[in-house]
Amino acid sequence: TLRMLLPALLVLLFCFRGRAGTSPHFLQQPEDLVVLLGEEAQLPCALGAYWGLVQWTKDGLALGGERDLPGWSRYWISGNAASGHHDLHIRPVELEDEASYECQATQAGLRSRPAQLHILVPPEAPQVLGGPSVSLVAGVPANLTCRSHGDARPTPELLWFRDGVQLDGTTFYQTMLKEGTTGSTESTLSFMPSRRDDGATLVCRAQSQALPVGRDTAITLSLQYPPEVTLSAEPQTVQEGETVTFLCQATAQPPVTGYRWAKGGSPVLGARAPMLEVLADASFLTEPVSCEVSNAVGSANRSTALDVLFGPILQAKPEPVSVDVGGDASFSCAWRGNPPPRVTWTRRGGSQVLGSGPTLRLPSVGPEDAGDYVCRAEPGLSGLGGGAAEARLTVNVPPVVTALHSAPAFLSGPARLQCLVFASPAPEAVVWSWDEGFLAAGSQGRFLVETFPAPEGRGGQSPGLISVLHISGTQESDFSRGFNCSARNRLGEGGTRVSLGRRASGSFSEPKNMVRIPGSSDGSSSRGHEEEETGSGEDQGPIVHTDHSDLVLDEEGALETKDPTNGYYKVRGVSVSLSLGEAPGGGLFLPPPSPLGPPGTPTFYDFNPHLGMVPPCRLYRARAGYLTTPHPRAFTSYIKPTSFGPPDLAPGTPPFPYAAFPTPSHPRHQTHV
């Protein structure tokens, strides 16, 4: 029997010793828990070696020992009490449930560690101020504000998206209501809207730990923008004088309210439609046409210039140039055309092209280079425009003094000696001198000097001067001595010797071989015949010798005295006033008329080979006529001298030093830039 009881006793002893050695303890304690608002919270609690009362506390307040926790409708305890499980459940969780919870074994005096229950509140959908359609003005900085209200926990983050892409440039604001809580959260997006933003959708998203996917609010942008203008011209390339149509198109929000047109900045009056028709001219190339379109927001304009084809137009004509001999001369002219015209330089009366381009340069000019230079532009493709402009080159040289033929005089009668002076610059004075005196102007004893402009010199030279020495009551010594006519300018001095011829003695009256030029003014109608015979009255008008018996001819029939300037001066058509005294032979002596024109045209006298002897003008009583020379180029047969001085007045020497030089082998050729 003892053997049978021994095992049972051992089992009882073991059980007793085990039960007596185990104390109540926590098998599982609650931990901090985060729960979304409205969800269920479960805080676990498990005890070992304890079968007594178990209760939960909330922030130190006992919830009760019953499993259903009366008075706490959303709270209860679950689990098998015999196995020591006492889990606290809360459903649905509300904000007031956020607290510190403990599981307590009251009879054993055990308390779990506190477990903090955190309630997450998802954010509400944010609000965008001005939405759902926000009106903006293109080009004006804009701020979009997104605001989140409510008791979202934690504070939500507000983000902006466009087409799924997060946007930068946001500013975040938080409004605090009281310590630890927020009233509202704002996010402001700053950007510069443009035309392409019209109709775009932007999304403001509020997201937090309580709602990681966030909640979105979308808005649509409605952009107001000034007109966007396109301007076209048809055709874009046009001939001058053709019709061109401009079309102005625009997109705008709000709609277009008006059109305005301008050309070169000046309004086109009356043009208020989106289309404009004009006749193209050269000005459209440099004066663009612009179209301005307006709406309630603003205005915009576009401009375009036409490619107008037109012929050359002179913009700057060449200016006259005056240089000293040996200096450099240059001319410039400007022509405008499309396409740019070809500009060439020639000399008037010549065909040789001296240069091309806007500038002509003539280095080291001589007297032979004096003349008129022509800047010419060829017509354009349309055949319109083009033309020529010319300017004169004056080469400054010392005076050239030439003796003009003077009619022989009677002893004791009146006489007249004449010289022709060409100089550039004009001489300071023309002086007559003889044995016992000199005279530049006015009267002195029997002598009277008059100086007046001669007809125009050849192109490029200043008009000459004709100086006349009147002698009243000639004496024997006047026929034997010489009279000097001289002139000086800043470049030198020139002069010539003039002799007085004597007529055979006879009646001192108007010779039969002199006739008055018809049509001349007769200022002596009130004078008697005696006055006319003695020659003491006013000049009766120009007198022309018809027999020319006093001209000395060589074997060829030409006058012996040659033109020392070789046609350098060509005189034509300039009127000058004369006061030539009272002599019966008062006119300048003229050569035989040359038949250069049909009957009834003005008579021309060719004195070119005889300038030293025959006066180069046709005189009316109060007006001088024409000086001509057939030579188109001045000094083509001379080489420029190295220096200038007064001419050698010794008998038999030419009165102008150029006459002694040989002919150059080559004329001036093209010089240009």
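Strand β13 (residues 133–137) pairs in the parallel sense with strand β20 (residues 211–234) over five bridges, where two strands count as paired if DSSP finds at least two bridges between them, and where strands (E, at least two residues) and helices (H or I, at least four residues) are DSSP runs numbered from the N terminus. Within this pairing, Val134 stands opposite Leu221 in β20. The model is a predicted one, in which local features need pLDDT of at least 70 and side-chain atom pairs count only at pLDDT 80 or more, while totals for chains, interfaces and linings use all residues. Residues are numbered from 1 along each chain as its sequence is written, and side-chain values use heavy atoms, with hydrogens and water left out.

Strand β20 has further partners. Strand β19 (residues 201–208) runs antiparallel to β20 and is joined to it by seven bridges, with Ala206 opposite Arg215, and the two strands form a hairpin with two residues between them. Strand β22 (residues 243–253) also runs antiparallel to β20, through eight bridges, and here Glu228 of β20 faces Thr251 in β22.

Taken as a whole, the protein has three helices and 46 strands. Of its 673 residues, 43% count as buried, a word that means under 20% relative accessible area, with exposed meaning over 50% and partly exposed lying in between (1.4 Å probe, protein chains only). Among contacts between residues at least 6 apart in sequence, 66% join residues at least 24 apart, contact meaning heavy atoms within 4.5 Å.

The largest nonpolar core, a set of buried Ala, Val, Leu, Ile, Met, Phe, Trp, Tyr and Cys residues joined through side-chain atoms within 4.5 Å, holds 23 residues, of which Trp56, Tyr75, Leu88, Ile90, Tyr101 and Leu117 touch the most other members. The elements that give two or more residues to this core are β3 (41–43), β5 (54–58), β7 (75–78), β8 (87–90), β9 (100–105) and β11 (115–120). Apart from this core lies another, of 22 residues, which include Phe246, Trp261, Val293 and Ala300.

An open sheet of three strands follows the order β3-β8-β7, with antiparallel pairing. Because β3 and β7 stand at the edges, each with a single partner strand, one side of each is left without a neighbour in the sheet. Between β3 and β8 there are three bridges in the antiparallel sense, and Gln42 stands opposite His89 in β8.

Further along the chain, strand β29 (residues 321–324) has a covered face formed by Val321 and Val323, and an uncovered one formed by Ser322 and Asp324. This strand pairs in the parallel sense with strand β36 (residues 387–404) over four bridges, and Val321 stands opposite Leu393 in β36.

The loop between β42 (465–471) and α2 (476–480) contains Thr474, which counts as buried because its relative accessibility is 2%. The side chain of Thr474 reaches the backbone oxygen of Phe410 at 2.7 Å, and a polar atom of that side chain lies 2.9 Å from the backbone nitrogen of Ser412. Leaving aside neighbours within four places in sequence, Thr474 is in contact with residues including Ala409, Pro414, Arg446, Phe479 and Leu500.

Beyond α2, strand β43 (residues 482–489) and strand β44 (residues 492–499) run antiparallel and are joined by eight bridges. A hairpin of two residues connects β43 to β44, and Gly482 has Ser499 as its bridge partner in β44.

Key:
Polar contact = N/O pair within 3.5 Å; in protein donor to acceptor, adjacent residues only side chain to side chain.
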